[in-house]
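Some labels used for a protein model rest on cut-offs. The turns below ask what stands behind them.

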Amino acid sequence: MTKIKNDNFLRACRREATDYTPIWLMRQAGRYMAEYRKLREKADFLTMCKTPELAAEVTMQPINRFDLDAAIIFADILLPVEGMGINLEFKEKTGPIIHNPVRNRKDIDALRIIDAERDVPYLSKAISLVKQELNNKIPLIGFSSAPFTLASYMIEGGHSRNYLETKQMFYNEPEMWNDLMTKIVDVLIISLKAQVEAGVDVLQLFDSWVGCLSTGDYREYVLPHSKRLIDSVKGEGLPIIHFGTDTATLLTSMKEAGGDVIGADWRINLDEAWKMIGDDVGIQGNIDPLILFSNQKEIEKRVKDILNRAEGRPGHIFNLGHGILPKTPIDNVAFLIDTVHNLSRK
Ligand code: CP3
């Protein structure tokens, strides 16, 4: 592998010393950028994801504008489900909708295991294009959902408040649930390995909605599947970031499932989260994305607080506690990135 020029992010993933605390932002390519909105007028979201030239262009938009320490390939956690036989739509303002949710044994048996070349060829092409464009300036992150969050979309048919259908499945039909999770993990392994082969440098797993679970349910119904996914891809030798939200009660169990770096949302203090997961893993986080709607003085205060809690220990990657929101003031984004670099530079 060719050496990456700014490898502070990779070094932090391995808990090695860095020149400053590296930062990237979840959902860093998106509607808060005028460049993105302009392209989006011409193409819908799925078309953008599936057209490698457009996906590569959007991936590079935040990189060309800000001093970020990592790029993340422009795609979506839901894309692999189409190849499984799921009818997926991204509705303006509503978000993702699945028109044929998975509810019974017959639905699960009908799900196909994807073939990366047949079902997600655009993803590998977009990754190759971005790698060329980056020219080893900074690393590129590949990603997938973690099994629970993807299962919840497939079962509920979209975003959910109470996860009633999902929880009903694992309470009442645990065998069916395990069969579904097994198929999902098989698909996610294929998707992640294809991204590694195409050239990504780091993998992130998003378990965005896992915080709806009790610790007991996470450990019984989710942990073994997340662990199998992580165990199956860690042989590729890339750092793995394991992220979820509302996970203050789940962090130690998530760490047990695996990952070199654990993501923390803003609800927990960074030092407390790091104490829970232990210093044999790195931590990513954890400023509230809503802070970007405040002012520079407030942003600086919050950055200082998080950096103080990290105490300059190797293994901290600065990020938002969750994805950036569409109406975020762009000047505050630039200010956040520069402030993290300036205040942490050694
Ligand atoms: O980080 C990046 O810049 C890479 C791109 C990326 C997107 N989605 C693009 C996107 C990544 C890493 C994701 C992951 C993703 N997708 C997650 C996990 C991260 C998280 O925020 O929890 C989830 C839960 C999804 C599912 C999803 N996709 C939702 C809920 C939505 C709608 C939300 C919204 O803001 O409208 C999407 C659509 C989506 N994915 C958009 C983008 C830029 C908005 C599409 C548009 O209308 O332009």
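The questions and answers that follow concern a predicted model.

Q: Why is Arg-31 called partly exposed?
A: The term covers values between the limit for buried, under 20%, and the limit for exposed, over 50%. Arg-31 has a relative accessible area of 40%, so it is partly exposed. Arg-31 lies in the loop between helix H1 (8–13) and helix H2 (34–42).

Q: What makes the surface patch that includes Arg-31 positive?
A: Lys and Arg count as positive. The patch is formed by Arg-27, Arg-31, Arg-37, Lys-93 and Lys-327, so by that rule its members carry the positive label.

Q: Why is Leu-290 called partly exposed?
A: Its relative accessible area is 46%, and the label exposed would need over 50%. Buried would need under 20%, so Leu-290 at 46% is partly exposed. The loop that holds Leu-290 runs between strand S8 (282–284) and helix H15 (296–310).

Q: Which residues form a nonpolar patch on the surface with Leu-290?
A: Phe-293 and Leu-325 join Leu-290 there, and together they have about 240 Å² of accessible area. Leu and Phe are among the side chains counted as nonpolar for patches.

Q: How do you know that helix H9 (residues 147–156) is largely enclosed by the rest of the structure?
A: A residue is buried when its relative accessible area is under 20%. In H9, 10 of the 10 residues are buried, so the helix is largely enclosed. Among them are Phe-148, Leu-150, Tyr-153 and Glu-156. Just after H9, Gly-157 takes a positive phi of about 90°.

Q: What makes strand S4 (residues 140–145) largely enclosed?
A: The count of buried residues in S4 is 6 of the 6, so the strand is largely enclosed by the rest of the structure.

Q: How do you know that S4 pairs with strand S1 (residues 71–72)?
A: Pairing needs at least two bridges. S1 and S4 are joined by 2 bridges and run parallel, so the requirement is met. Ile-72 stands opposite Ile-141 in S4.

Q: How many bridges link S4 to strand S5 (residues 202–207)?
A: The two strands pair over 5 bridges in the parallel sense. Ser-144 has Leu-205 in S5 as its bridge partner. S5 also pairs with strand S6 (residues 240–244), again parallel and over 5 bridges.

Q: Why are S1 and strand S9 (316–317) said to stand at the edges?
A: The open sheet of 7 strands has the order S1-S4-S5-S6-S7-S8-S9. S1 and S9 each have a single partner strand, so one side of each is left without a neighbour in the sheet.

How values were computed. Residues numbered from 1 in each chain as written. Predicted model: local features only at pLDDT ≥ 70, side-chain atom pairs only at ≥ 80, totals over all residues. Heavy atoms only, no water. Patch = residues over 30% accessible without salt bridge, like charges linked within 9 Å, V, L, I, M, F, W, Y side chains within 5 Å. Areas by Shrake-Rupley, 256 points an atom, 1.4 Å probe, with all protein chains shown as cover. Salt bridge = Lys/Arg side-chain N within 4 Å of Asp/Glu carboxyl O. Charge placed at Lys NZ, Arg CZ, Asp CG, Glu CD. Helix = DSSP H or I, 4+ residues; strand = E, 2+ residues; numbered from the N terminus. Buried < 20%, exposed > 50% of the residue type's maximum accessible area, 1.4 Å probe, protein only.
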